[in-house]
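User: Please take a close look at the salt bridges in this model. I would like to know which side chains pair up and how far the pairing reaches along the chain.

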Amino acid sequence: MAGRLLALDKNPGIRPIGVGETWRRAIAKCILQVAGKDAKEARGVDQLCAGLEAGLEDGIHATRSMWDSHQMEEEYGFLLSNRYAWTVRHEWPSGSRFVFNCYKHWSTLVIRGNDGTCVFLFGKDGVTQGDPLAMYAYGVGVLPLIRILKEEFLLVIQPWYADDLGALARFEVIRRFFNRLEELGSNYCYFSECDNTRVISSCLNNLEAAKAYLADLAFKLATGACSLGGFIDNE
């Protein structure tokens, strides 16, 4: 059940990838071959990651389409945030037993040095990035939070891809949406980070309005930014 931990350079930052033992990865892929379709059906269009055909493309094209339709609207913008969470018991019963057996204990992650030494770390919460199960378990686990937010904020366009959240709305609504996300997030181990959150505005004049509404939050403000492998901007 151990895995080798690799540190990929995100420039800036590090993305830790756990490469699990071959048998664990093989069995996980067998489980997904049989039960993966159930997870995809449970997520529907609320969560675009893992198994949904062209999920990334769907997210970026839908967002750009809505962005274009509101581009000239004052005090309107797009919130980009990412963080992390999980639970699968009721949403994905056909895969939950194996997920539980893999994550009912801490995950042992090994970092090997060039001199033959090694360091052991323990993943105490959530799933290991790099595990074939990770996107499925995480994508299903965050569904309750997504559904609450979509029910309470009907006018906010919300593309979710794993822990990457987008919210397209007026600035005053974005603020209320983000406050509610922080309020609910702790119940689902989803902890947003203001300094890792961006608000994209359609023009420089709108950036001033964004500052007025979001002054006390450490959001990065811009007229364009990468999103789901694409780009959202005013051109």
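Analyst: A salt bridge here is a side-chain nitrogen of Lys or Arg within 4 Å of a carboxyl oxygen of Asp or Glu. In this predicted model, that rule gives a count of five salt bridges. E152, R180 and E183 are linked in a network of such bridges.

Within that network, R180 pairs with E183, and their closest N and O atoms are 2.7 Å apart. Both residues belong to helix α6 (residues 171-185); they are three residues apart, so about one helical turn separates them. E183 is exposed, at a relative accessible area of 51%.

Another of the bridges joins E91 to R147, with 2.8 Å between the closest N and O atoms. E91 sits in the loop between β3 (76-82) and α3 (93-103), while R147 is in helix α5, so this pair ties together parts that are 56 residues apart in sequence. E91 is partly exposed at 26% relative accessibility, and R147 is also partly exposed, at 32%.

E172 and R170 form a salt bridge as well, at 3.9 Å from N to O. Since the cut-off is 4 Å, this pair counts because 3.9 Å falls within it. E172 is partly exposed at 39% relative accessibility, as is R170 at 27%.

As to confidence, the chain has a mean pLDDT of 82, with 92% of its residues at 70 or more. Helix α5 (residues 143-152) has the highest confidence in the chain, at a mean of 92, and helix α2 (residues 55-70) the lowest, at 70. Where pLDDT is low, the predicted coordinates should not be read in detail.

Terms used. Residues are numbered from 1 along each chain as its sequence is written. This is a predicted model: local features need pLDDT of at least 70, side-chain atom pairs count only at pLDDT 80 or more; totals for chains, interfaces and linings use all residues. Side-chain values use heavy atoms; hydrogens and water are left out. pLDDT is the predictor's confidence in each residue, from 0 to 100. Helices (H or I, at least four residues) and strands (E, at least two) are DSSP runs, numbered from the N terminus. Buried means under 20% relative accessible area, exposed over 50%, partly exposed in between (1.4 Å probe, protein chains only).
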